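Work through these exercises with the model open beside you. Try each task before you read its solution.

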Amino acid sequence: MPFSNFGLGKEILRAIQKAGYARPTPVQTAAIPKVMQGHDLIAIAQTGTGKTAAFVLPMLHRISLGYRQGQSRVTKALILAPTRELAVQIMENIRSYGSGLPIRVAAIFGGVEEEAQIKSVHKGVDMIVATPGRLIDLIGRQKLDFSALEVLVLDEADRMLHMGFLPDIETIAGYLPKRRQTLMFSATFPKEVESLARRFQYQPKMVQIGSRSNAADTVTQCVYELPAHLKKEMLLELLRQPKFTRVLVFVRMKDGANRLTEFLQAAKVKVAKLHSSRSQEQRLKALQDFKDGKVQVLVATDIVARGIDIDGVSQVVNFDFPVNPEDYVHRIGRTGRAEAAGEAISFVPKGDLNLLDMTELSIGQRLERKRLRGFDYHATTPAPAAGEAPAKRDWRKRTREMDAKKAEKPKTRATKKPAAKRGKK
Ligand code: AMP
């Protein structure tokens with residue numbers, strides 16, 4: 001089915017042509033008609049398969065129809081996303097798909113000055129893309145008016161309905177008109193999330209392309225089982241291969257991201273890092289440098305695991321194996337986007353084998369085990385690379401030491417008195 005069959009306006013069709021899309025992707029084919037008909041929707045499809053356009057195109061159409069009917073500018077659509085980067089990306093998509101229309105969109109997210117955001121909203125916007133925190137703040141201070149809102153979208157919906165975000169989503173929904181269209185899009189949508197989704201939707205239609213825990217099938221996946229202390233060396237070995245051109249490396253903790261980045265810098269690898277303790281400016285610059293090919297490697301926490309669209313990521317490396325299977329699917333979805341081939345490599349030390357089991361069960365696939373020829377899997381702790389700071393102590397060891405210290409203190413106090421008494425005797 002060509003795009004022209006959906007009944008979208010000609011300005012939108014022109015923008016699609018400009019973007020070079022020959023035909024709709026499966027999720028677009030299935031979702032766009034349902035969104036156009038005004039249904040609530042849950043759409044589950046692999047990452048990188050055009051979900052953004054599946055909700056943005058019908059929304060643009062709806063808003064532009066309103067203008068044709070002489071309506072004035074009011075905020076008709078709110079799109080909620082879990083990270084600032086994803087919010088910015090969705091806004092850019094809206095601007096490009098809506099380039100032929102007089103539509104205004106604003107992004108609202110924390111970490112940057114709010115003045116500019118408030119100003120852009122006050123000029124009048126048709127659509128707002130936001131992360132929940134700053135949005136709630138501005139709603140509470142009555143800076144936003146959603147009384148004419150028609151469509152709410154939760155992108156990465158399962159994450160938005162997760163415990164951490166759910167109270168925020170409930171608060172926000174409380175400020176929106178009850179009669180509205182609510183759309184949920186995600187690559188993963190566990191069964192248990194569906195009942196939570198019902199709180200926000202009315203008789204939703206369901207679109208499911210592939211399985212509920214969609215791993216992109218353009219991505220080849222493999223696992224290296226190795227001792228944890230050799231992961232850095234293994235990464236360095238892999239990065240020396242010419243095919244490792246744009247490599248996204250996921251770690252679990254910010255601290256780990258900092259340490260790994262220092263290690264790679266010392267080994268003369270061009271690298272940027274991205275995690276939540278960095279300023280918004282640093283985060284956007286790291287992402288841009290990676291997109292522009294100024295750095296070979298981006299070391300990141302799960303902050304970029306969802307939704308972010310970066311062209312030509314050659315490999316995703318799970319330096320630390322993700323703690324839950326959904327995160328695995330989202331992380332590896334950063335490569336192999338829009339039908340391009342990609343590779344997902346996971347490092348799995350013994351302690352993480354249970355996580356690997358869980359993930360394999362969830363995606364219904366056993367991942368290929370690989371061995372790197374010539375790599376010394378039995379090396380003891382490697383010598384620090386030139387210029388590398390001495391290895392920091394293992395946090396578990398550090399915690400044990402601190403616990404021991406804490407435990408010591410009351411002991412000395414408790415034992416002192418009797419000792420003094422004994423001395424008096
Ligand atoms: P998304 O899943 O929305 O992040 O989109 C992933 C990538 O697919 C983006 O780079 C889009 O520009 C691209 N894309 C979206 N729709 C189509 C289409 N119909 N044909 C080709 N590429 C598309």
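Two strands pair if DSSP finds at least two bridges between them. Helices (H or I, at least four residues) and strands (E, at least two) are DSSP runs, numbered from the N terminus. This is a predicted model, in which local features need pLDDT of at least 70 and side-chain atom pairs count only at pLDDT 80 or more, while totals for chains, interfaces and linings use all residues. Residues are numbered from 1 along each chain as its sequence is written, and side-chain values use heavy atoms, with hydrogens and water left out.

**Exercise 1. The whole chain**

Task: State how many helices and strands the chain has, and what percentage of its residues is buried.

Solution.
Step 1. Count the elements. The chain has 15 helices and 14 strands.
Step 2. Turn to burial. Buried means under 20% relative accessible area, exposed over 50%, and partly exposed in between (1.4 Å probe, protein chains only). Of the 425 residues in the chain, 51% are buried.
Step 3. Look at contacts, meaning heavy atoms within 4.5 Å. Take the contacts with a separation of 6 or more: 76% of them join residues 24 or more positions apart.

**Exercise 2. The sheet that holds strand 12**

Task: Give the strand order of the sheet and find how strand 12 pairs with strand 13.

Solution.
Step 1. Read the order. This open sheet of 7 strands runs 10-11-9-12-13-8-14, with parallel pairing.
Step 2. Find the edges. Strand 10 (271–274) and strand 14 (368–370) each have a single partner strand, so one side of each lacks a neighbour in the sheet.
Step 3. Add the twist. From one strand to the next it averages 25°.
Step 4. Zoom in on the pair. Strand 12 (residues 315–318) and strand 13 (residues 342–348) run parallel and are joined by 4 bridges. Valine 317 has isoleucine 345 of strand 13 as its bridge partner.
Step 5. Add a helix. Helix 10 (residues 231–239) lies across strands 8, 9, 11, 12 and 13, and runs at about 160° to strand 13. Such angles run from 0 to 180 degrees between N-to-C directions, and axes are lines fitted to C-alpha atoms, for helices over the stretch in contact.

**Exercise 3. The sheet that holds strand 2**

Task: Repeat the analysis for the sheet with strand order 3-4-2-5-6-1-7.

Solution.
Step 1. Name the type. The sheet is open, has 7 strands and pairs in parallel.
Step 2. Find the edges. Strand 3 (105–108) and strand 7 (205–208) have a single partner strand each, so each has one side without a neighbour in the sheet.
Step 3. Add the turn. Neighbouring strands are turned by 15° against each other on average, direction ignored.
Step 4. Check one pair. Strand 2 (residues 77–80) and strand 5 (residues 151–155) share 4 bridges in the parallel sense. Isoleucine 79 has valine 153 of strand 5 as its bridge partner.

**Exercise 4. Helix 2 against helix 3**

Task: Describe how helix 2 and helix 3 pack, and list the contact residues.

Solution.
Step 1. Take distance and angle. The axes of helix 2 (residues 26–36) and helix 3 (residues 51–68) come within 9 Å and cross at roughly 30°.
Step 2. Classify the angle. Under 35 degrees counts as roughly parallel, over 145 as roughly antiparallel, 65 to 115 as roughly perpendicular and the rest as oblique. The two helices are therefore roughly parallel.
Step 3. List the contact. Helix 2 gives Val27, Gln28, Ala31, Ile32, Val35 and Met36, and helix 3 gives Lys51, Ala53, Ala54, Leu57, Pro58 and His61.
Step 4. Sort the residues. Ala, Val, Leu, Ile, Met, Phe, Trp, Tyr, Cys and Pro count as nonpolar, Asp, Glu, Lys and Arg as charged, and the others, Gly among them, as polar. This contact has 9 nonpolar, 2 polar and 1 charged.

**Exercise 5. Two positive phi values**

Task: Are glutamate 156 and glutamine 203 buried or exposed?

Solution.
Step 1. Place glutamate 156. It sits in the loop between strand 5 and helix 7 (157–160). Its phi is positive, about 55°, although it is not a glycine.
Step 2. Check its area. Glutamate 156 has a relative accessible area of 4% and is buried.
Step 3. Place glutamine 203. It lies in the loop between helix 9 (191–198) and strand 7. Its phi is also positive, near 40°.
Step 4. Check its area. Glutamine 203 has 58% relative accessibility and counts as exposed.
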